[in-house]
Amino acid sequence: MIHIMGYIKSDALRETGFVVLDQYDQEADPKEWLDIEYVDWKSSGDTRFAPLASAFGEIECNGFWNHKPPRTDKDGVFIPSQVEKAPNLTRRAQEPGANIGRCRVIELQPNTYADALYNLHQDDNNRLNPDGTGWVVRGFFNLTDDKDSYFVLRENRTDPSVEYRIALPAGAQLIVDTQRLWHAAAHYGSEPRYCLITSWTSGPELDAYIEKYHGTSQVPNVEVPQDVLDAGQAEQSRRIAARAAALAARGQADQTAMSEA
Ligand SMILES: [Fe+2]
């Protein structure tokens, strides 16, 4: 007899790998992200992170599999000093009632669409995740009102034929299978972008939350002029080739398939 278990995943994410939820009234809440403590943590782009939950409740951002004992991205421990400064962000991360792994605010400095294409990566959300349990996906709550910025999602890193561009005003709420979809933000402006990112375990709790807030992937793509799209694609190709050449010169292979963040 053959047993095929597989992970528990959300039907709502099956087709495209993401949903956009109802917009949250972000302006009604205080700017808690300015009060919490950040650590330097290299992700895609020029970033810092402020963890709300980490592997053992310390202010650090390492993947849970890098701790002893190594474990998957579940059962994150909320950090009392951060929770105290960010009660609304904590409440929102916990609202679905799904298991939470890493939970942190990202601070991203301004960049461009071309930068975002080069920064596209997949997350390592399900390392050590036991087969038959819930697949870990991520919630993105945009905190700053980044009217000209957008999230870029692709099925394939270098293929522009499937590309979703999701607007990032204050209160934008997305849930993304970031281990499946290549993703990065194009952030225009002069101030950093802040976004709460939470690892949630798929299951009935998350499904109910997606339904409650009308999760859908039927949202319009942010319109970007074709010449900007073409120039971004060309720049991504150029940078990938330049990096491969630099690594080849050092006798190393490219390892950008999985990111820590
Ligand atoms: Fe990521």
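This report describes the overall build of a predicted model and then the setting of strand E7.

## Overall build

The chain holds five helices and 13 strands. Its radius of gyration is 18 Å, close to the 18 Å that the globule rule gives for 261 residues, so the chain is as compact as a globular protein of that length. Along the principal axes, the C-alpha atoms fill a box of roughly 55 × 45 × 35 Å.

Buried residues make up 39% of the 261 in the chain. Among contacts with a separation of 6 or more, 79% join residues that are 24 or more positions apart.

## Burial of strand E7

Strand E7 covers residues 136–142, and seven of its seven residues are buried. A residue counts as buried if 20 or more other C-beta atoms lie within 10 Å of its own.

The burial applies to both faces of E7. One side carries Val136, Arg138, Phe140 and Asn142, all of them buried. On the other side are Val137, Gly139 and Phe141, which are buried as well.

## Pairing of strand E7

E7 pairs with strand E12, residues 193–201, in the antiparallel sense, and seven bridges link these two strands. One of the residues involved is Asn142 of E7, whose bridge partner in E12 is Cys195.

E7 also pairs with strand E10, residues 173–176. This pairing is antiparallel too, and runs over four bridges. Here Gly139 of E7 has Ile175 of E10 as its bridge partner. Both Asn142 and Gly139 belong to the buried residues of E7, on opposite faces of the strand.

Notes. Residues numbered from 1 in each chain as written. Predicted model: local features only at pLDDT ≥ 70, side-chain atom pairs only at ≥ 80, totals over all residues. Buried ≥ 20, exposed ≤ 12 C-beta atoms within 10 Å, placed from the backbone. Pairing = 2+ DSSP bridges. Rg over C-alpha atoms; globule rule 2.2 N^0.38 Å. Contact = placed C-beta atoms within 7 Å.
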